[in-house]
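Work through the exercises below with the sequence and the 3D view open. Try each task before reading its solution.

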Amino acid sequence: MEKKVHFKLHKVKKHWVTIAVTGLALGLSFAGLSYASAEEQPTPVNEATVEAIIKEGAIDVDAPASNEAIAKPAENIAATASSEAATVSETPAPSSEVASTETVSEKPSFEVTSTASSEVANSETTHSEVSATTSESVTAENSSPTTSDTDTPNSQVPSAEKNITGGQWYSDEQGNWHYKKDGKDLTGPNLIDGQHVYFDKDGKQVKGNFAQDGHYYDGELGHLTTESFVTTGDNHWYYVDKTGEKVTGLQEIGDKTYHFNDKGLQTKGQRVVIEGKGYYFHPENGELWNNKIALYHSTRYINGTSDDIYYYYDNDGNIYTGPKTIDGKEYYFQPDMVYYSKFKNPDGTESYYNEQGQKVYNGWGKIRYMYLRGYLWTPSVYADENGHVVHGFKRINGQLYYFDESGSLRDDVPGSPNPLFQVDGNWYYAQFSKYINGVRGAILTNAFTFIAVDDRYPTSIADENGKLTPVTAKNSYVTAGGKWYYVDKSSYPLKGEQVIDYVNVYFRDDYSQVKGDFAPNGHYYDKDSGALVTNRYVEKDGKWYYVNDKGDKLIGAQTIGGVEVYFDKDGVQAKGIFANADHFYDKDTGAAVRDQIVEVDGKRYYVGQDGRKVYSGTHIVHGEEVNLIVGDGHQAFGEFTGHGDSGDYIGFDGKKVTKAGFVKTKDNHWYYLDGKGNKLVSVQVIDGELYYFGLPTRKYYYGMQSRGELIYAYYSDTIPNSSHIYYLDEATGAALKNQYHEWEGSWYYFGPNWYALTGEQTIDNVPVYFHSNGKQAKGELVTVDGKIHYYDANSGARLSNIDITIKGETYHFDADGNGTLIS
């Protein structure tokens with residue numbers, strides 16, 4: 001049986017070493033190792049020697065990928081998962097057969113090609129390739145016999161078919177379980193109490209492992225396991241089918257695809273070639289992972305810090321290299337995924353890939369672990385609209401930033417850098433102590449500042465491009481960013497109240513001059529000159545004020561230029577509102593109003609001769625009838641003048657209604673007024689129709705009409721001293737008559753007098769029955785005057801000449817519908 005094994009070489013001093021690493025941390029262990037000299041004849045080297053060489057730091061992890069050592073294992077040389085070997089050879093020499101490739105390499109270049117399927121699977125295996133090239137192709141349907149971990153043949157089903165009972169279970173001192181029957185411990189496969197179990201040659205029950213019969217028995221009760229993933233430890237997983245047999249080849253389990261080698265061991269972290277097509281299986285769960293990104297379970301060290309590595313496996317299960325668009329997002333693999341870092345493009349530009357590995361456009365990012373000015377750091381970068389990392393100046397969301405030669409944001413470096421810096425001989429200031437839109441480091445622009453770029457002058461001005469220029473003026477106004485400042489003879493800015501050239505002015509705490517605004521001292525300063533304003537109206541943010549000869553705001557009632565006006569406690573003039581004890585002030589001029597209709601928030605009010613709002617009554621204002629709502633005082637339209645729809649009804653034209661008829665309020669309440677303007681209540685017959693107008697309740701205002709509901713009401717003209725059930729039409733409120741109507745799942749019949757009928761009735765020549773609550777009897781027995789009747793469940797008609805069984809009792813109903821129990 002010919003096998004070829006390829007290992008990636010690493011150079012150790014003058015030697016090339018092929019290493020299969022089972023763990024990478026502070027120490028290394030070796031699953032298999034071969035050693036060949038690069039410049040001289042090979043010298044035997046054992047594992048300790050290699051470890052010593054490695055500890056000296058001689059391993060070159062960037063050894064060319066083309067350097068390979070090819071070894072042909074000698075046949076019939078057994079090897080176990082725990083075997084370790086190290087050989088030195090100038091040419092390929094026999095080595096032990098790899099039984100379990102628990103390997104981790106710096107790059108996933110480990111490949112195994114065999115003419116017979118070998119057991120190569122482990123979750124720690126990063127990437128290996130198994131190519132099946134036997135005369136019989138390996139497919140998902142491959143059902144070649146499998147063997148257990150002990151390489152003993154298995155049977156299709158447990159051989160024990162006779163169910164054994166009446167024996168005794170017991171455990172030995174080591175906690176192993178046995179089953180004694182007829183004075184002897186059972187061995188081999190057995191069926192005990194309906195469960196398949198297995199005992200080894202010493203009578204110990206097999207639990208949590210495969211037995212000699214090739215079947216797996218669970219770890220708790222030792223029962224035969226079927227249709228389940230099982231493990232023998234060391235992350236060796238198998239799947240047993242409904243007969244308990246290990247499956248092999250490609251398998252669809254649930255909605256996932258898996259692969260198992262010819263011994264049933266699940267493939268993890270490997271690429272398998274079947275009939276010319278490659279399949280890669282995830283290193284953790286073993287799922288088919290073609291066209292997906294997978295975490296490569298190894299640890300690399302970036303500037304002393306660990307990080308994960310990801311690969312993309314293409315449609316053929318190969319590790320993909322180059323750019324890749326996945327779900328509309330751009331990635332780059334070389335072959336490990338670029339993420340949290342910059343990437344140099346062929347045209348010399350740089351792109352940034354975020355923590356998910358996605359290329360960034362018009363966005364911020366962090367470089368994870370980068371040496372910057374002698375520090376290990378995570379500097380901020382920005383990718384522009386083309387996805388290129390920005391160098392130099394860049395305006396982002398209205399703020400100016402500077403990125404150095406590495407693409408790092410100017411302030412975002414360790415060591416508390418000086419925010420003052422020079423570019424092409426010009427000075428700039430990065431505000432790394434201030435966050436703007438969640439990002440710090442914006443360059444100061446359009447500002448007057450105490451940052452000195454010349455020792456002779458205490459202040460500077462930053463222009464719109466951030467360039468700092470010293471303020472050299474003395475006793476003069478200067479401007480920056482559209483604001484004005486005044487500097488004294490020392491070029492130092494003034495603040496607070498000042499008199500400059502006989503003009504009263506004011507400078508804020510940030511030294512900018514107040515213009516077109518009120519200063520902290522309460523005075524208003526002209527928007528153009530900045531001079532103190534006196535004896536005039538001023539407007540700020542749509543509000544009006546009046547300042548006196550000292551510049552103070554007036555408050556309260558005032559007469560200015562013969563006009564009565566009013567200002568609140570903050571000096572804001574009242575306009576278009578009621579203020580000062582219900583006085584109203586014109587919305588345009590602010591002048592007090594008298595004997596007028598005014599409008600506020602869509603409602604009309606009457607302001608009397610004394611200038612105050614009138615709260616009730618009917619008034620004639622300049623020839624117009626005005627009816628007012630009690631309490632609020634607004635003019636009534638389509639409503640009653642009192643609380644709860646009481647008082648007079650005012651039509652939608654604003655006039656009082658007194659003629660008889662129906663009226664509707666703006667809240668869609670209906671009433672009926674008599675000829676004097678009074679409301680009708682209770683049951684009323686109007687123009688041959690019956691209506692109901694409610695008495696005061698939680699639901700009704702006095703006289704409000706009921707519509708679209710069933711009511712109980714007393715009407716003396718119908719049957720004296722009796723209340724009846726009525727249904728009032730939803731649209732008109734008129735009571736129904738001479739018709740059926742359904743209400744809340746029950747049927748009623750309203751007769752010629754509008755009320756619901758009760759008892760036995762004949763309607764349209766059909767005998768029917770209605771209970772005392774008006775509900776029609778349907779599908780039920782009713783006893784009337786000692787006679788039993790039954791009414792149809794659908795039509796409600798009384799049945800006759802029929803036998804009916806109801807709840808196990810049979811009745812016969814004669815021609816008159818009278819029933820007799822017959823069984």
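The exercises that follow concern a predicted model and go from the whole chain to single residues.

**Exercise 1. The whole chain**

Task: State how many helices and strands the protein has, what share of its residues is buried, and how confident the prediction is on average.

Solution.
- Step 1. Count the elements: there are one helix and 73 strands.
- Step 2. Take the burial: of the 823 residues in the protein, 44% are buried.
- Step 3. Take the surface: the accessible area is about 42,700 Å², and carbon and sulfur atoms account for 47% of that area.
- Step 4. Take the contacts: among those between residues at least 6 apart in sequence, 37% join residues at least 24 apart.
- Step 5. Take the confidence: the mean pLDDT is 81, and 76% of the residues reach 70 or more.
- Step 6. Find the stretch of low confidence: over residues 1–156 the pLDDT stays under 50, and the model has 326 contacts beyond four places in sequence for these residues.

**Exercise 2. Two sheets of three strands**

Task: Give the strand order of the open sheet that contains β11, and name its edge strands.

Solution.
- Step 1. The order is β10-β11-β12, and the pairing is antiparallel.
- Step 2. β10 (168–171) and β12 (184–185) each pair on one side only, and these are the edge strands.
- Step 3. Look at one pairing: β10 and β11 (residues 177–181) are joined by four bridges and run antiparallel.
- Step 4. Locate one bridge: Ser171 has Trp177 in β11 as its partner.

Task: Do the exercise again for the open sheet that contains β39, and add the average twist.

Solution.
- Step 1. Here the order is β38-β39-β40, with antiparallel pairing.
- Step 2. The edges are β38 (447–449) and β40 (468–470), each of which pairs on one side only.
- Step 3. From one strand to the next, the twist averages 25°.
- Step 4. β38 and β39 (residues 460–462) run antiparallel and share three bridges.
- Step 5. In this pair, Phe448 stands opposite Ile461 of β39.

**Exercise 3. A hairpin**

Task: Describe the pairing of β69 with β70, and find the residue of this hairpin that takes a positive phi.

Solution.
- Step 1. β69 covers residues 780–784 and β70 covers residues 787–791; the two strands pair in the antiparallel sense over five bridges.
- Step 2. One of the bridges has Val784 and its partner Lys787 in β70.
- Step 3. Two residues lie between the strands, and Asp785 takes a positive phi near 50°.

**Exercise 4. Buried polar residues in loops**

Task: Why does Gln705 count as buried, and what does its side chain meet?

Solution.
- Step 1. Place the residue: Gln705 is in the loop between β62 (689–693) and β63 (709–714).
- Step 2. Apply the cut-off: buried means under 20% relative accessible area. Gln705 has 6% relative accessibility, so it counts as buried.
- Step 3. List the polar partners: the side chains of Gln705 and Arg707 make a polar contact of 3.0 Å, and a polar atom of the Gln705 side chain lies 3.2 Å from the backbone oxygen of Thr732.
- Step 4. List the other neighbours: beyond four places in sequence, Gln705 touches residues including Phe662, Trp670, Tyr691 and Tyr700.

Task: Is Ser491 buried or exposed, and which backbone oxygen lies 2.8 Å from a polar atom of its side chain?

Solution.
- Step 1. Ser491 is in the loop between β42 (483–487) and β43 (496–500).
- Step 2. With 0% relative accessibility, Ser491 counts as buried.
- Step 3. The backbone oxygen in question belongs to Ala473.
- Step 4. Ala473 is also among the residues that Ser491 touches beyond four places in sequence, as are Tyr457, Pro458 and Val471.

Task: Which side chain makes a polar contact of 2.7 Å with that of Ser512?

Solution.
- Step 1. Ser512 is in the loop between β44 (503–507) and β45 (517–518).
- Step 2. Its relative accessible area is 1%, and Ser512 is therefore buried.
- Step 3. The polar partner is the side chain of Asp510.
- Step 4. Beyond four places in sequence, Ser512 is in contact with Lys483, Trp484, Tyr485, Tyr506 and Phe507.

**Exercise 5. A residue in a strand**

Task: Which strand holds Phe578?

Solution.
- Step 1. Phe578 is in β51 (residues 577–579).
- Step 2. Beyond four places in sequence, the contacts of Phe578 include His583, Phe584, Val598 and Tyr605.

Conventions: Residues numbered from 1 in each chain as written. Predicted model: local features only at pLDDT ≥ 70, side-chain atom pairs only at ≥ 80, totals over all residues. Heavy atoms only, no water. Pairing = 2+ DSSP bridges. pLDDT = per-residue confidence, 0-100. Contact = heavy atoms within 4.5 Å. Buried < 20%, exposed > 50% of the residue type's maximum accessible area, 1.4 Å probe, protein only. Areas by Shrake-Rupley, 256 points an atom, 1.4 Å probe, with all protein chains shown as cover. Axes fitted to C-alpha atoms, helices over the stretch in contact; angles between N-to-C directions. Polar contact = N/O pair within 3.5 Å; in protein donor to acceptor, adjacent residues only side chain to side chain.
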